[in-house]
Amino acid sequence: MLDKTGIAKRIAQEIKDGYYVNLGIGIPTLVANHIPKGIDVILQSENGLLGMGPFPFEDEVDPDCINAGKQTVTTLPGSSFFDSALSFAMIRGEHVDLTILGAMEVSEDGDIANWKIPGKLIKGMGGAMDLVASAKHIIVAMQHVNKAGESKLLPMCALPLTGVKCVKRIVTELAVIDVTPIGFKLIERAPGVTVEYIIASTKGKLLVEGDIPEMELD
Amino acid sequence: MIKKVVSNAEEAINGIEDNMTLMLGGFGLCGIPENCINELVKKGIKGLTCISNNAGVDDFGLGLLLQKKQIKKMISSYVGENEEFERQLISGELEVDLIPQGTLAERLRAGGAGIPAFFTPAGYGTEVQEGKEVRAFDGKMYLLESWLRADFAIVKAWKGDTLGNLIYKATARNFNPMMAMAGKITIAEVEELVPAGELDPNQIHTPGIFVQRIFQGVNYEKRIEQRTVRAR
């Protein structure tokens with residue numbers, strides 16, 4: 001079973017050289033710390049920064065330079081700033097190669113719910129709906145089950161949707177799972193996790209074909 | 001003779017009345033028009049519809065207007081981080097219209113560019129779709145979204161000149177340029193106001209045609225929401 005860092009490490013393996021990537025808040029943010037050596041990746045922050053750098057040193061903090069999570073960040077050689085309309089033109093126009101974001105639920109059709117829990121306070125969707133509606137490739141980073149022990153991989157989402165038929169791959173503490181035209185498909189197991197355990201933790205239809213390899217993490 | 005320069009926030013917001021619709025630039029607390037917000041609080045203008053990506057925090061930014069119950073309706077994409085906002089929303093004192101962030105940005109741009117509506121994929125198949133025209137283009141589904149315009153747009157820039165040309169700094173640009181285009185009257189507050197001719201025309205982000213009033217603000221706090229640093 002993986003911790004959050006493990007999930008981030010596994011997702012980092014999905015990033016190809018030259019990718020422009022948008023990282024959501026939470027586990028996806030951690031992915032930036034585990035990008036393999038020799039891979040050039042440019043991070044897009046939807047509030048208007050391409051080429052997001054690490055957090056600043058104490059004496060470099062600039063209140064005018066933040067990421068979409070409102071954290072202070074830095075630029076890198078070759079970074080650019082732009083307005084919000086241009087930022088979402090990059091996103092909707094499919095110029096961003098990969099979006100990695102968290103989710104509350106994913107359906108076997110690739111629907112995603114991650115912005116609203118009825119009865120609880122609504123904070124808003126921010127840029128999530130634009131991102132999932134348009135990204136060329138979407139990977140969800142999330143826990144396999146919720147705090148009540150219920151599967152978050154479902155036949156249909158119960159929560160209000162953020163987008164439909166958009167998720168391509170899910171990485172959880174238990175497994176790597178793809179969304180295919182015939183449902184979820186098990187791709188890899190987390191170290192020490194059995195196929196039976198993953199099946200039992202997945203409420204949606206899960207296709208298991210042949211031997212399922214264990215994830216390779218360093 | 002063109003006279004856009006006003007002396008301060010008090011003079012800049014002259015004409016903003018109860019029940020008007022305002023656009024206010026900024027993302028979180030980054031790039032917000034601090035001087036004009038403070039002045040709106042001081043003047044006690046009420047019943048406002050505020051179009052802004054966020055709603056500030058409890059004691060800063062638009063949170064100050066919320067505390068005094070001066071806002072009737074918020075049009076935003078994300079309104080977390082604000083307890084007073086939550087309280088007013090639950091009690092029904094405040095109306096909220098939540099819009100996907102990219103759709104908000106484009107509706108503002110459209111308002112300033114004279115485009116009454118456009119199709120976007122964001123929100124298709126979700127509750128954002130309710131009541132909207134849906135159309136397929138090249139096999140993908142899109143929602144019809146309409147422009148946003150306002151009585152006043154209030155933006156914050158880094159540098160400006162006496163003709164209203166603006167340059168923003170870093171990610172403090174965010175929603176400010178589109179809002180500057182979409183206001184019937186656009187007020188720009190800047191950290192440094194210089195005579196026309198001192199800014200390089202190649203570097204202007206918002207051309208002065210979009211700005212009706214400009215002033216040099218004072219005492220910028222630039223509060224940071226999430227101060228994240230790394231060790232040397």
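Here's a quick look at how chain B sits against chain A in this predicted model.

Some ground rules: residues are numbered from 1 along each chain as its sequence is written, and chains are lettered from A in the order in which they are written. Since this is a prediction, local features need pLDDT of at least 70 and side-chain atom pairs count only at pLDDT 80 or more, while totals for chains, interfaces and linings use all residues; side-chain values use heavy atoms, with hydrogens and water left out.

On confidence, chain B has a mean pLDDT (the predictor's confidence in each residue, from 0 to 100) of 97, with 100% of its residues at 70 or more. The complex gets an ipTM of 0.96 and a pTM of 0.97 from the predictor.

Now the interface. Contact here means heavy atoms within 4.5 Å, and on that basis 51 residues of chain B touch 49 residues of chain A. Together the chains bury about 4200 Å² (accessible area, 1.4 Å probe, lost on being put together and summed over both), and 60% of that is on carbon and sulfur atoms. Thr171(B), Thr228(B) and Arg230(B) chip in 16% of the area chain B buries against chain A, more than any other three residues.

There are eight salt bridges between the chains (a side-chain nitrogen of Lys or Arg within 4 Å of a carboxyl oxygen of Asp or Glu). In one of them, Glu106(B) pairs with Arg92(A), the closest N and O atoms being 3.6 Å apart.

The side of chain B that touches chain A breaks down by class like this:

| Class | Residues |
|---|---|
| Nonpolar (Ala, Val, Leu, Ile, Met, Phe, Trp, Tyr, Cys, Pro) | 22 residues |
| Polar (the others, Gly among them) | 15 residues |
| Charged (Asp, Glu, Lys, Arg) | 14 residues |

Terms used:
Buried area is the accessible area (1.4 Å probe) that two parts lose on being put together, summed over both.
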